[in-house]
Amino acid sequence: MHKLFTDVFFCFFGAMFYVMNSFSCIIVLWIIYSSTSGNEMRVGHCTKVSRSVNMENLQNEYLFPEIFMREFVHTQKYPHARLIRLGVGNTTEPIPDIITSSMAEHAHALSTVQGYRGYGAEQGHMELRRAIAEKFYNNMGIEGDEVFVSDGAQCDISRLQMLLGSNVTVAVQDPSFPAYIDSTVIAGRAGRFQEETGKYKNIVYLNCSPQNNFFPDLSTASRADIIFFCSPNNPTGSAASQQQLKQLVEFAKANGSIIVYDSSYAAYISDDSPRSIYEIPGAREVAIEVSSFSKFAGFTGVRLGWTVVPDELLYANGFPVIKDYNRIVCTCFNGASNIAQAGGLACLSAEGYQAITTVVDYYKENAKIIVDTFRSLGLKVYGGKNAPYIWVHFPGLSSWDVFNEILEKTDIVTIPGKGFGPGGEEYIRVGAFAHRESILEASKRLKTLF
């Protein structure tokens, strides 16, 4: 059996371990990982179906399950360690009662004849679609029927890959969220991986570093059909300015490109940086926007997001992109959970939005504590103001070595910057999603280490 068995089960049980933290799941994960860690496992009957060359082209495991495995190994080595997880961006604070009450009421109604509902519209309930348009895109020209409700931004990124032609070229920020690159590889658009550069041959990497204020030099950038762009950025925490996004839209128009704009962290913006690409004139003609309830409403486990596809966005032959995306959604998705959508609607009520804003402010205060901690140690620190992520520079050091040292000596889990692309080497990403006492304890441990 090919290594696909490893990949699928590793990701599945890694997620189970993180969420459930059950002893039985840990044992199963360890057995599967240990027995299938080679290139392939020849047990039982093999079919005559070849493994996808695109899957073979993926490098290593997906980043976050790799982090889960290293956590597991560490806890086996130090069973009494009190681990502090500041790595994977999983929210920790309870969802406000006004939101969970709405979901519970909807769930209970399903047990009655009057309240039962089956399939809904694949695009989402129109009431929620309109509420999203009004709350996040007021005065930007976005209508409810241009909003597609989903089970999360990461799922939509893969659906958008299905939407695109097989020969389109792709550009990503470097560093960037790994799903943009990995889904491009799976779709067969990335070309071969080049060991010497750490890059895929056919992907355009847009360098985003402190030297260019984390915004690429578009005057020298190569053209690409699709530009994945995240602001505030994961992992650097940097939010693009109005002027920078204006340059991006103009670049896309001049090159006939489509921007896939990820605004999942927009609720964390604390300055006048745009919260949507559609704040920029002309963006409706060149941009799709993906967003999520995960990080601003604590819906990491509830699963709810949305994608905006404006009517004006057209293919080269003049055909509306929204019509194809609607077909993709209707073919590959049966709609977000009715219960999750009820919670999303409650989030956008006046009282619900105020409640979740309080939780966002809590994480932002966590981020400030982490930023102050690393700065007090004389390290260069970025992010933390407009995003729940802190990007810390360790000049001349391997990011995996820094990750390992911090985990080994402080029992704190971070994320090595190399996992976000070659531009992330020498950095680690530290998340602000934790209870306050854990953040304060992490601060003490880090000060002791450095």
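**Close-up views of a predicted model**

**View 1. Ile-226 and its surroundings in strand 7.** Let's start with Ile-226, which has its place in strand 7. Everything in these views comes from a predicted model. Is Ile-226 buried or exposed? With a relative accessibility of 2%, Ile-226 counts as buried, given that the cut-off for burial is under 20%. Who does Ile-226 touch once its neighbours within four places in sequence are left aside? The contacts are Leu-164, Val-168, Thr-169, Val-170, Ala-171, Ile-258 and Val-260. For a sense of scale, Ile-226 and Ile-322 are 96 residues apart along the chain, and their C-alpha atoms are separated by 16 Å.

**View 2. The sheet of 7 strands.** Strand 7 is one of 7 strands in an open sheet with mixed pairing, and the order runs 2-10-9-8-7-3-6. Strand 2 and strand 6 (203-207) are the edge strands, each pairing on one side only. On average, neighbouring strands here are turned by 20° against each other, ignoring direction. At the strand 6 end, strand 3 (residues 170-174) runs parallel to strand 6, and 5 bridges join the two. One pair to look for is Val-170 of strand 3 with its bridge partner Ile-203 in strand 6. Val-170 also turned up among the contacts of Ile-226 in the previous view.

**View 3. Strand 10 between strands 2 and 9.** Now move to the other end of the sheet. Strand 2 and strand 10 run antiparallel and share 4 bridges; here Ser-150 stands opposite Gly-305 in strand 10. Strand 9 also runs antiparallel to strand 10, again with 4 bridges, and the bridge partner of Val-290 in strand 10 is Thr-307. As a reminder, side chains in a regular strand alternate between the two faces of the sheet. Which residues of strand 10 sit on which face? Gly-305 and Thr-307 are on one side, Trp-306 and Val-308 on the other, and all of them are buried, so both faces of strand 10 are covered.

**View 4. Ser-291 and the helix lying across the sheet.** Ser-291 is found in strand 9. How accessible is Ser-291? Its relative accessible area is 4%, which puts Ser-291 in the buried group. The side chain of Ser-291 makes a polar contact of 3.3 Å with the side chain of Ser-263. Leaving aside neighbours within four places in sequence, Ser-291 is in contact with Ala-153, Ser-263, Ser-264, Gly-305 and Trp-306. Helix 7 (residues 153-163) lies across strand 2, strand 7 (226-230), strand 8 (258-262), strand 9 (287-292) and strand 10 (305-308). The helix runs at about 155° to strand 9.

**View 5. Helix 12, mostly covered.** Helix 12 (residues 338-347) has 8 of its 10 residues buried. The buried ones are Asn-338, Ala-340, Gln-341, Ala-342, Gly-343, Gly-344, Ala-346 and Cys-347. What do they pack against? The list is helix 5 (97-109), helix 6 (126-136), strand 2 (147-150), helix 10 (294-297) and helix 13 (350-376). Have a look at the N-terminal end too: Ser-337 caps helix 12 there, with a side-chain oxygen 3.1 Å from the backbone nitrogen of Ile-339.

**View 6. The sheet of 4 strands and helix 14.** This open sheet has 4 strands in the order 11-12-15-14, with antiparallel pairing. Why do strand 11 (381-383) and strand 14 (415-416) each have a side without a neighbour in the sheet? Both stand at the edges with a single partner strand each, so one side of each is left free of a neighbour in the sheet. Strand 12 (residues 389-393) and strand 15 (residues 427-431) run antiparallel and are joined by 5 bridges; Tyr-389 has Gly-431 of strand 15 as its bridge partner. Helix 14 (residues 399-410) packs on this sheet, touching strand 14 and strand 15, and its direction makes about 45° with that of strand 15.

**View 7. Zooming out to the protein chain.** The protein chain has 15 helices and 15 strands. Its radius of gyration is 22 Å, close to the 22 Å that the globule rule gives for 450 residues, so the chain is as compact as a globular protein of that length. Buried residues make up 52% of the 450 residues. Among contacts with a separation of 6 or more, 74% are between residues 24 or more positions apart.

Technical notes. Residues numbered from 1 in each chain as written. Predicted model: local features only at pLDDT ≥ 70, side-chain atom pairs only at ≥ 80, totals over all residues. Heavy atoms only, no water. Pairing = 2+ DSSP bridges. Contact = heavy atoms within 4.5 Å. Axes fitted to C-alpha atoms, helices over the stretch in contact; angles between N-to-C directions. Rg over C-alpha atoms; globule rule 2.2 N^0.38 Å. Buried < 20%, exposed > 50% of the residue type's maximum accessible area, 1.4 Å probe, protein only. Polar contact = N/O pair within 3.5 Å; in protein donor to acceptor, adjacent residues only side chain to side chain.
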